[in-house]
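Work through these exercises with the model open beside you. Try each task before reading its solution.

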Amino acid sequence: MPSLRRQRDPEGRMSLGDHLRELRNRITISAIAIVIGGVVGWAYYERVIDALTRPLRDIAAQRHSVVNINFAGMTDAFALQLTTSLFVGLIIASPIWLFQIWGFIVPGLTSKEKLVARLFVVAAVPLFLAGCFFAFIMVPKAVAVLLGFTPTGAYNLQDGSQYLNFVLKFIVAFGCAFLLPVFLVALNLIGVLPARAMLKGWRPAVMIILVFAAVMTPTPDAYTMLFLATPMVALYFASVGVAFLVDRRKEEHKPDWLEVPDDQASAL
């Protein structure tokens, strides 16, 4: 496989072809990692599907009614197992594809930027997994609210593919939402987003977070939305605090000659 290091011209620029080739290589690496993780998910499919469908069985026990997933087509069971296995692979391979995302964003990957990339993955993976875990806890609540509209005495047989797509997207959305502070701090480290700009824009940031939480949570109750929005807001302000510490350190190590006006000679 070609090297992922970006080839630059003498002026430090890259051609569009170089960008596209690097993007292709990083997508390939991420896809291979997800497929390998999917093999593990396939091996433990029974345990995974049991955990994901437990909210339906709990509701069935409470109502003494029929609530479960249904396979309408002959190939639905196979498709469901394949989708669930790849979902498990996506979580297992999160250190790989998160590193590939950051490696593509950071231009050039100098020695300093490689260190930032490693720190990015170290922080991003636990946050992504924490978001997935929070969502897994909220799935029974979301399922109970949505199925609460079922008329008394009616059976509630969920299409297996639709139910799993709902649950898996719900979990991945929470995981991706928890990556917000890592991207903010990473952009601050490379000088794209100053801490003061982040603090100044906290009002629109909170509004965007609330809108995102309302869109990504499928239940109509405000409880589920706030469950996602509250940690995101807290993580946003935590990232602002970290960004201020980073900016302060940059100022302390900033050379004096950078402050000299353009029309004066510096000590350099």
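The exercises below concern a predicted model.

**Exercise 1. Cysteines**

Task: Determine how many disulfides the structure holds, and explain the result for Cys132 and Cys176.

Solution:
- Step 1. Start from Cys132. Its closest cysteine sulfur belongs to Cys176, and the gap is 7.5 Å.
- Step 2. Apply the cut-off. A disulfide needs the two sulfur atoms within 2.5 Å. At 7.5 Å, the sulfurs of Cys132 and Cys176 are therefore too far apart for a bond.
- Step 3. Check from the other end. For Cys176, the closest cysteine sulfur is that of Cys132, again at 7.5 Å.
- Step 4. Give the count. The structure holds 0 disulfides.
- Step 5. Add the surroundings. Cys132 is buried, at 6% relative accessible area. Cys176 is partly exposed, at 39%.

**Exercise 2. Two packed helices**

Task: Describe how helix α3 and helix α6 pack, and say which residues make the contact.

Solution:
- Step 1. Locate the helices. α3 covers residues 76–92, and α6 covers residues 160–177.
- Step 2. Take the geometry. The axes lie 10 Å apart and meet at an angle of about 10°.
- Step 3. Classify the angle. Angles under 35 degrees count as roughly parallel, so α3 and α6 are roughly parallel to each other.
- Step 4. List the contact residues. α3 supplies Leu80, Thr83, Thr84, Phe87 and Leu90. α6 supplies Gly160, Ser161, Leu164, Asn165, Leu168, Ile171 and Val172.
- Step 5. Sort them by class. The contact has 7 nonpolar residues, 5 polar residues and no charged residues.

**Exercise 3. Aromatic rings**

Task: Count the aromatic pairs, then describe the ones that involve Phe237, with Trp202 and with Tyr236.

Solution:
- Step 1. Count. There are 7 aromatic pairs.
- Step 2. Take Trp202 and Phe237. The ring centres are 6.1 Å apart, with 50° between the planes, and the pair is tilted.
- Step 3. Place this pair in the chain. Trp202 is in helix α9 (residues 202–216), while Phe237 is in helix α10 (residues 222–252). The pair links distant parts of the chain, with its partners 35 residues apart.
- Step 4. Take Tyr236 and Phe237. Their centres are 5.6 Å apart and their planes stand at 85°, so this pair is edge-to-face.
- Step 5. Compare accessibility. Tyr236 is buried at 7%. Phe237 is partly exposed at 35%, and Trp202 is partly exposed at 31%.
- Step 6. Look elsewhere for a cluster. Ring pairs join Phe166, Phe170 and Phe174.

**Exercise 4. Val67 and its surroundings**

Task: Decide whether Val67 is buried or exposed, and name its contacts beyond the sequence neighbours.

Solution:
- Step 1. Locate the residue. Val67 sits in strand β1, residues 67–70.
- Step 2. Read the accessibility. The cut-off for buried is under 20%. Val67 has a relative accessible area of 4%, so Val67 is buried.
- Step 3. Set aside neighbours within four places in sequence. Val67 then contacts Leu56, Arg57, Ile59, Ala60, Leu147 and Asn156.
- Step 4. Add a distance. Pro55 is 12 residues from Val67 in sequence, and their C-alpha atoms are 9.5 Å apart.

**Exercise 5. Helix α7**

Task: Find which residues of helix α7 are buried, and what follows the helix.

Solution:
- Step 1. Scan residues 180–189. Pro181, Val182, Leu184, Val185, Ala186 and Asn188 are buried.
- Step 2. Move past the end. Gly191 follows α7, and its phi is positive, near 85°.

Notes. Residues are numbered from 1 along each chain as its sequence is written. This is a predicted model: local features need pLDDT of at least 70, side-chain atom pairs count only at pLDDT 80 or more; totals for chains, interfaces and linings use all residues. Side-chain values use heavy atoms; hydrogens and water are left out. Buried means under 20% relative accessible area, exposed over 50%, partly exposed in between (1.4 Å probe, protein chains only). Helices (H or I, at least four residues) and strands (E, at least two) are DSSP runs, numbered from the N terminus. Contact means heavy atoms within 4.5 Å. Rings of Phe, Tyr and Trp (its six-membered ring) pair if their centres lie within 6.5 Å; planes under 30 degrees apart count as stacked, over 60 as edge-to-face and the rest as tilted. Axes are lines fitted to C-alpha atoms, for helices over the stretch in contact, and angles run from 0 to 180 degrees between N-to-C directions. Angles under 35 degrees count as roughly parallel, over 145 as roughly antiparallel, 65 to 115 as roughly perpendicular and the rest as oblique. Ala, Val, Leu, Ile, Met, Phe, Trp, Tyr, Cys and Pro count as nonpolar, Asp, Glu, Lys and Arg as charged, and the others, Gly among them, as polar.
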